[in-house]
Amino acid sequence: MAFPPGFLDELRARISLSGLIGRRVKLERRGREHAGLCPFHHEKTPSFFVVEDKAFFHCFGCGAHGDAVGFLMRSENLDFIEAVERLATEAGIEMPRPSVEERQHAQKEKSLLDALEAACAYYEGQLWGPGGRAAREYLGSRGLDPETVRNFRLGWAPSDRGALSRALSREIPEALLIEAGLLKASEDGGAFGYFRDRILFPITDRRGRVIAFGGRVTAGGEPKYLNSPESPLFQKGRTLYGWARAAAALRAEPRRTPGGGGRLVVVEGYMDVLALHRAGFPTVVAPLGTALSDDQIALLWRLAPEPVLCFDGDSAGQNAAKRALRRALPLLRAGQSLSFAALPAGEDPDSLLRASGRTAFEEVLAAAQPLWKVLFQTELAALPTDTPERRADLENRLKAAAREIADAGVQRQFHRELMRAFNLVTRPPSSVRRPLAGKKPGAELELPPPPAPQPQRVQRVQREMLFSILLRSPELLGEVAEELCALDLREAELDTLRSLILETSRSQPGLDAQGLQQHLVRCGLAATVERLLKRSVDSDVLVRKSDGATARRAWDHVIGMLAAGGQRGLAEVASGILSEDSPESWQERVLAARERLLRQPPHIEEEGF
Ligand SMILES: [Zn+2]
């Protein structure tokens with residue numbers, strides 16, 4: 001629907017954003033802002049802010065950002081129009097009147113939905129009637145109880161090809177039943193039931209309205225699964241089985257995963273969805289018998305930032321998971337990914353739950369691997385890496401995979417992480433306990449240990465350097481905002497500074513260094529700004545060559561040092577540099593130190609080589 005100019009602005013102006021958000025999040029007033037625990041990720045101290053006079057919210061923890069419409073879309077899983085409708089009702093503003101075309105379209109949609117609903121009720125009646133006995137027995141043999149079957153509104157399409165038509169065509173025109181994919185036109189001008197002799201799983205849209213069916217044979221017969229044909233209401237690649245239920249369950253469930261948001265499980269088939277529901281995992285969806293599409297991945301991310309793919313433990317299932325990984329790669333964004341749970345070979349979620357119960361499945365989910373790691377292991381296992389040329393090939397493939405990621409920040413992180421793992425496994429065999437010799441490649445991949453705690457002072461200085469760089473080159477913000485948001489700041493002073501810098505960059509885009517510094521001074525941070533500008537960043541270099549590239553190099557070096565906290569060499573060198581009094585700029589000194597480190601011969605044990 002097209003909104004007249006100004007409509008959305010009026011809506012935003014009439015709604016109290018803190019009031020709207022305050023119903024879901026306990027907000028505390030802090031100056032001109034409200035702060036609270038972010039509803040979109042798990043946290044213990046508030047990094048979620050509502051800026052009432054600018055009508056937006058922002059989370060410094062997970063980057064969630066938007067206005068009232070965006071908040072409703074995210075927190076209630078509504079689409080744009082639905083969120084606008086909700087707000088309009090609340091604000092007492094009348095929605096714009098739909099055009100004639102829009103009214104006709106809505107009318108058509110309603111008749112199709114009515115036809116599908118009538119068919120769904122008819123098929124349900126058939127399943128529970130005398131003709132559905134064999135189908136009921138089959139479902140029982142698959143471990144489904146009557147409650148789940150009723151809850152999911154399963155049905156039975158009899159083998160009589162005229163049955164549906166006879167039952168519905170007095171009320172509903174045949175042409176409409178054909179358009180809804182319920183009947184199929186025959187060559188003699190008649191029409192017959194599209195589904196015959198099958199158990200039917202109603203497929204709903206995001207509001208839970210029936211838009212199609214998936215049909216499964218009970219005995220022999222081909223194909224094993226058959227979906228409704230595509231229709232104006234139903235596009236297979238844009239629909240997920242179970243989405244509406246999962247969305248409702250996620251709304252009810254406390255946000256509990258470490259990455260933020262609720263836990264969403266993606267399985268391969270309808271039966272898996274039902275089995276998981278029955279076992280108490282209601283936040284589960286399945287694609288409709290095809291590989292996950294871009295649209296479906298986007299739908300998953302509307303529900304949870306890191307859905308867990310739990311495909312069957314056979315080679316078909318594993319290949320489907322790898323295809324999904326490749327598909328998701330270009331779409332990854334900060335805080336938004338997939339993870340991969342590996343079922344025991346030969347099991348699917350249904351069979352595992354039946355054989356080993358809920359706990360076993362919980363364990364499978366808890367052991368889910370992040371996307372980058374699965375990517376690395378897949379590439380590592382694809383070809384041997386026993387010669388320099390083959391290792392170079394692996395390196396190329398890993399770099400190429402990272403380049404597929406559109407988001408620059410995520411791409412950089414992937415590149416770094418993949419190369420770190422690559423360097424680890426391609427060290428000369430004797431120094432890494434021969435991870436590849438005679439073993440399944442990748443089976444023994446050990447990740448580098450987490451960074452060891454380093455002298456706090458060094459890291460604090462490094463964090464301050466980052467702000468020092470930003471104060472001089474605020475134009476960097478566009479590129480490094482995500483890294484800035486992700487910084488683990490222990491100093492309240494820096495935390496405040498970060499909030500202000502980010503807020504300023506939004507409200508006054510294009511502000512230069514002087515403007516930013518003055519603004520911060522006016523906000524009461526004069527002392528902080530002055531101290532940071534004295535920080536050992538060589539101001540001359542940045543002033544003299546205050547081009548973005550220099551500032552960016554400086555930023556990357558310091559971020560690199562922070563990230564390399566565990567790599568003793570670099571951190572020690574950095575610490576030395578910071579305490580040194582030297583005429584060289586610190587960037588030059590860091591670069592030189594890096595060079596020295598890189599030139600050092602790697603630690604190679606010659607034995608057995
Ligand atoms: Zn958040």
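# Exercises on a predicted protein model

The buried residues of helix 14 are Pro 349, Asp 350, Leu 352, Leu 353, Ala 360, Phe 361, Val 364 and Leu 365. The model used in these exercises is predicted.

## Exercise 1: The form and surroundings of helix 14

**Task.** Determine how the span of helix 14 compares with that of a straight helix of 18 residues, and state where helix 14 bends.

**Solution.**

Step 1. Helix 14 covers residues 349-366. A straight helix of 18 residues, at 1.5 Å a residue, would span 26 Å.

Step 2. In the model, the end C-alpha atoms of helix 14 are only 14 Å apart.

Step 3. Examine the course of the helix: at Ser 356, helix 14 bends by about 125°.

Step 4. Turn to the start of helix 14, where a side-chain oxygen of Asp 348 comes to within 3.1 Å of the backbone nitrogen of Asp 350. Asp 350 is also one of the buried residues of this helix.

Step 5. Identify the cover: strand 12 (265-266), helix 11 (270-278) and strand 14 (308-309) are included in what covers the buried residues of helix 14.

Step 6. Recall a general rule for the pattern of burial. Residues three or four places apart in an α-helix point the same way, because such a helix has 3.6 residues a turn. Among the buried residues of helix 14 are Ala 360, Phe 361, Val 364 and Leu 365, to which the reader may apply this rule.

## Exercise 2: An open sheet

**Task.** In what order do the strands of the open sheet of 5 strands lie, and which are the edge strands?

**Solution.**

Step 1. The order of the sheet is 13-12-14-15-16, and its pairing is mixed.

Step 2. Each edge strand pairs on one side only; these are strand 13 (284-285) and strand 16 (369-370).

Step 3. Consider the pairing at one edge. Strand 15 (residues 339-340) and strand 16 run antiparallel and are joined by 2 bridges. Within this pair, Ser 339 lies opposite Pro 370 of strand 16.

## Exercise 3: Two hairpins that share strand 4

**Task.** Describe how strand 4 pairs with strand 3 and with strand 5, and name a residue with positive phi in each turn.

**Solution.**

Step 1. Strand 3 (residues 48-51) runs antiparallel to strand 4, with 4 bridges between them. Val 51 stands opposite Phe 56 of strand 4.

Step 2. These two strands make a hairpin with 4 residues between them. Ala 55, in the turn, has a positive phi of about 60°, although Ala 55 is not a glycine.

Step 3. Strand 4 also pairs with strand 5 (residues 65-66), in the antiparallel sense and over 2 bridges. Here His 58 faces His 65 of strand 5.

Step 4. Strand 4 and strand 5 likewise form a hairpin, with 5 residues between them; Gly 63 in its turn has a positive phi of about 85°.

Step 5. Look at the side chains of strand 4 (residues 56-59): Phe 56 and His 58 point one way, Phe 57 and Cys 59 point the other way, and all are buried.

## Exercise 4: Loop residues and their exposure

**Task.** Is Asp 386 buried or exposed, and how do Ala 55 and Asp 197 count?

**Solution.**

Step 1. Apply the cut-offs: a residue is buried under 20% relative accessible area, exposed over 50%, and partly exposed in between.

Step 2. Asp 386 has a relative accessible area of 52%, so it is exposed. Asp 386 belongs to the loop between helix 15 (371-382) and helix 16 (388-403).

Step 3. The side chain of Asp 386 makes a polar contact of 2.8 Å with the side chain of Arg 390. Thr 426 is 40 residues away from Asp 386 along the chain, yet their C-alpha atoms are separated by 8.9 Å.

Step 4. Ala 55 has a relative accessibility of 24% and therefore counts as partly exposed.

Step 5. Asp 197 has 40% relative accessibility and therefore also counts as partly exposed. Asp 197 sits in the loop between strand 8 (191-193) and strand 9 (198-204), and its phi is positive, near 60°, though the residue is not a glycine.

## Exercise 5: The chain as a whole

**Task.** How many helices and strands are there in the protein chain, and what percentage of its residues count as buried?

**Solution.**

Step 1. The protein chain has 25 helices and 16 strands.

Step 2. Of its 609 residues, 48% count as buried. Cys 310, for example, is buried because its relative accessible area is 0%; Cys 120, at 1%, counts as buried too.

Step 3. Among contacts with a separation of 6 or more, 65% are between residues 24 or more positions apart.

Technical notes: Residues are numbered from 1 along each chain as its sequence is written. This is a predicted model: local features need pLDDT of at least 70, side-chain atom pairs count only at pLDDT 80 or more; totals for chains, interfaces and linings use all residues. Side-chain values use heavy atoms; hydrogens and water are left out. The expected span of a helix is 1.5 Å times one less than its number of residues. The bend at a residue is the angle between axes fitted to the seven residues ending there and the seven starting there. Buried means under 20% relative accessible area, exposed over 50%, partly exposed in between (1.4 Å probe, protein chains only). Contact means heavy atoms within 4.5 Å. A polar contact is a pair of N or O atoms within 3.5 Å; within protein, one must be able to donate a hydrogen and the other to accept it, and residues adjacent in sequence count only if both atoms are side-chain atoms. Two strands pair if DSSP finds at least two bridges between them.
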